[in-house]
Amino acid sequence: MDFRYLVQSPVIDDIQLTRISTALEEFHANKDAIIDGGFRRGQRGGVIENWYIPKLELMQSIVPSIRNTGVSLQWTADTTEHTHITEIKDPARSSNNNNYDPQICRHLDRTDKCRRFDLAMSLLNNMTDSKRQGSDDVGDVNDNVDLDADDDHGDGDVDFDADVDHDIPNLLAMSKYPGHSRPTTNYFEIAKVLQHREAGTVPVPLHSFVIERTAFHLAYDPSIRNISFGLPDLRPAIADFLRREDTHGRDHIHTIGGARRAGPTTPLPFDKLQVWFKLRLQDTDFHDISIIRPAQTLNCAPPSDPWTSGQYDTAIINNEARCVWPTDGLHGMLFLHCTEYLLIDRFLVYVHRFDIVPQSSVQQLHLLKQAKHSNGTRVGDIVPVTQLRALVNLVPRFGASADNRLTPYNSMEHASQFWLNKYWDKNSYFPLSM
């Protein structure tokens with residue numbers, strides 16, 4: 001897997017070439033164990049006792065080829081193969097399997113006309129909405145921008161001035177085309193728009209904002225508007241958070257753990273909280289920051305059917321001010337379990353911490369365990385949402401036998417150790433492997 005991910009990188013230097021060679025050498029050094037265990041089998045289940053695979057021989061020439069001609073990704077045939085499907089195969093399927101050429105051309109011509117009509121109507125609708133919103137005396141940006149991306153059925157319209165030339169690309173980017181996937185919502189651009197709005201016309205704190213190479217978005221309306229302190233440790237955790245802010249300032253990087261100073265009855269300047277169940281995180285491509293990747297949802301929902309133990313996702317948090325994700329990899333980062341998103345005067349999250357288990361260098365994946373106090377309770381704390389950096393995928397470590405209570409919906413509760421799956425996403429593979 002490391003070999004496959006590394007050779008698909010759009011940027012490869014001498015260090016990467018060394019890692020590619022090492023990954024291939026490691027496979028050849030241990031491939032006999034696969035044969036001895038009888039794990040190499042054919043389509044009918046018979047054991048194959050050789051490695052007569054042409055692609056294995058081809059892999060030997062990949063590193064010399066990259067040195068001579070550049071990265072392998074430039075020779076990919078994915079684009080032309082996809083074009084052959086959309087421009088030839090799909091139109092041919094709608095024909096009567098006779099006299100293909102004129103029918104394919106007619107299909108492409110009609111599809112193009114539908115696309116142009118849909119584009120024109122989308123532009124007209126966006127311009128009409130923009131002018132109508134611009135005529136309001138006091139406008140709320142959330143009337144113009146549907147920032148609740150939890151609804152997967154569509155993205156809202158940003159209040160751009162359609163009469164200005166530089167706003168036309170923004171209108172085009174938001175328009176939907178028949179036969180094409182829905183355009184990616186650019187929360188970096190939305191956050192930029194919100195920052196330049198006049199005071200009093202946008203909700204504070206902003207529900208879309210950018211920290212380093214990560215964009216954040218929370219829905220305008222909370223999932224729960226008014227709730228008391230449900231978690232046993234929540235009130236003292238908030239009190240300790242406010243104390244640290246008073247001592248070190250709002251720019252302080254909050255750590256997770258340590259003795260709890262506040263008690264369960266510590267008074268706070270408020271009695272009720274607003275809670276969100278979802279947070280959208282969006283980042284840029286690891287190798288090219290100009291490429292905006294689709295946003296991912298970081299869930300933090302209480303127990304419900306079928307998530308009887310709650311739906312809580314795992315993320316990476318920045319734990320040191322001098323370290324930057326993803327440039328510095330895991331240096332200065334922590335893994336945590338998001339439990340609740342809150343709003344006081346800014347967005348906060350209550351989290352549980354994971355610790356990395358020391359192990360031999362033979363293991364390719366990091367092993368994580370739930371951090372616990374001496375009394376067996378999990379280590380949790382309040383940190384600003386702005387310290388979150390990326391969503392990660394964990395796989396339960398089953399050991400010799402798996403717990404028979406495990407289901408796809410409760411594995412985070414019944415398992416105590418987890419493998420960090422660095423192969424879950426190609427973009428996060430590189431910083432997680434540093």
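Visitor: Is Cys338 buried or exposed?
Guide: In this predicted model, Cys338 counts as buried, because its relative accessibility is 0%.

Visitor: And how about Cys300, buried or exposed?
Guide: Cys300 counts as buried because its relative accessibility is 2%.

Visitor: How many disulfides does the structure hold?
Guide: The structure holds zero disulfides. A disulfide is a covalent bond between the sulfur atoms of two cysteines.

Visitor: Why is there no bond from Cys300 to Cys338?
Guide: The sulfur of Cys338 is the closest cysteine sulfur to that of Cys300, but the two stand 6.0 Å apart, which is too far for a bond. The cut-off used here is that the two sulfur atoms must lie within 2.5 Å. Seen from the other side, the closest cysteine sulfur to Cys338 belongs to Cys300, again at 6.0 Å and too far for a bond.

Visitor: What stands opposite Cys300 in strand 7?
Guide: Tyr312 in strand 7 is the residue opposite Cys300. Strand 6 and strand 7 run antiparallel and are joined by two bridges.

Visitor: What is the order of the strands in that open sheet?
Guide: The open sheet has five strands in the order 1-2-5-6-7, and the pairing is antiparallel. 

Visitor: Which strands stand at the edges?
Guide: Strand 1, residues 208–211, and strand 7, residues 311–312, stand at the edges. Each has a single partner strand, so one side of each is left without a neighbour in the sheet.

Visitor: Which residue in strand 2 could we look at?
Guide: One example is Ala215, whose place is in strand 2, residues 214–217. Ala215 counts as buried because its relative accessibility is 0%. Its C-alpha lies 6.0 Å from that of Tyr187, although Ala215 and Tyr187 are 28 residues apart in sequence.

Visitor: Let us go back to Cys338. Which residues touch the most other members of the largest nonpolar core?
Guide: Cys338 is in that group, together with Leu279, Leu298, Tyr341, Val385 and Leu388; the core has 27 residues. The elements that give two or more residues to this core are strand 5, strand 6 (296–301), strand 8 (314–318), strand 9 (333–343), strand 10 (347–356) and strand 13.

Visitor: Which strand gives the most to this core?
Guide: Strand 9 gives the most, with five residues. As a general remark, nonpolar side chains tend to be buried together in soluble globular proteins.

Visitor: New topic: empty space. How many cavities of 30 Å³ or more does the count come to?
Guide: The count comes to one cavity of 30 Å³ or more. The largest cavity has a volume of about 180 Å³. It is lined by 21 residues, and those closest to its centre are Asp283, Arg293, Gln296, Ala390 and Asn427.

Visitor: Which elements each supply at least two residues of that cavity lining?
Guide: Strand 5 (278–283), strand 13 (388–392) and helix 12 (426–432) each do so. By class, the lining of the largest cavity divides into ten nonpolar, six polar and five charged residues.

Visitor: And how much space lies in the largest pocket?
Guide: About 610 Å³ of space lies in the largest pocket. Its lining has 24 residues, and Met1, Asp2, Ala23, Glu26 and Phe27 lie nearest its centre. The lining of this pocket has 13 nonpolar, four polar and seven charged residues.

Visitor: Which helix gives the most to the pocket lining?
Guide: Helix 2 gives the most to the lining of the largest pocket, with ten residues. Helix 1 (2–7), helix 2 (14–36) and helix 3 (54–59) each supply at least two residues.

Visitor: Asp36 lies in helix 2. Is Asp36 buried or exposed?
Guide: Asp36 counts as exposed because its relative accessibility is 67%. Asp36 and Glu49 are 13 residues apart in sequence, and their C-alpha atoms are 8.4 Å apart in space.

Visitor: One last topic. In what sense do strand 11 and strand 15 pair?
Guide: Strand 11 (residues 367–370) and strand 15 (residues 417–420) pair in the antiparallel sense over three bridges. Within this pair, Leu368 has Phe418 of strand 15 as its bridge partner.

Visitor: What about strand 14 and strand 15; how many bridges join them?
Guide: Three bridges join strand 14 (residues 394–396) to strand 15, and the two run antiparallel. The bridge partner of Pro396 in strand 15 is Phe418.

How values were computed
Residues are numbered from 1 along each chain as its sequence is written. This is a predicted model: local features need pLDDT of at least 70, side-chain atom pairs count only at pLDDT 80 or more; totals for chains, interfaces and linings use all residues. Side-chain values use heavy atoms; hydrogens and water are left out. On a 1 Å grid over the protein atoms alone, a cavity is a set of points where a 1.4 Å probe fits but cannot get out, and a pocket is an open set with protein on both sides within 12 Å along at least five of seven lines; lining residues have an atom within 4 Å of a point. Grid points are joined across faces, edges and corners, and a volume is the space filled by probe spheres set on the points. Helices (H or I, at least four residues) and strands (E, at least two) are DSSP runs, numbered from the N terminus. Ala, Val, Leu, Ile, Met, Phe, Trp, Tyr, Cys and Pro count as nonpolar, Asp, Glu, Lys and Arg as charged, and the others, Gly among them, as polar. Buried means under 20% relative accessible area, exposed over 50%, partly exposed in between (1.4 Å probe, protein chains only). Two strands pair if DSSP finds at least two bridges between them. A nonpolar core is a set of buried Ala, Val, Leu, Ile, Met, Phe, Trp, Tyr and Cys residues joined through side-chain atoms within 4.5 Å.
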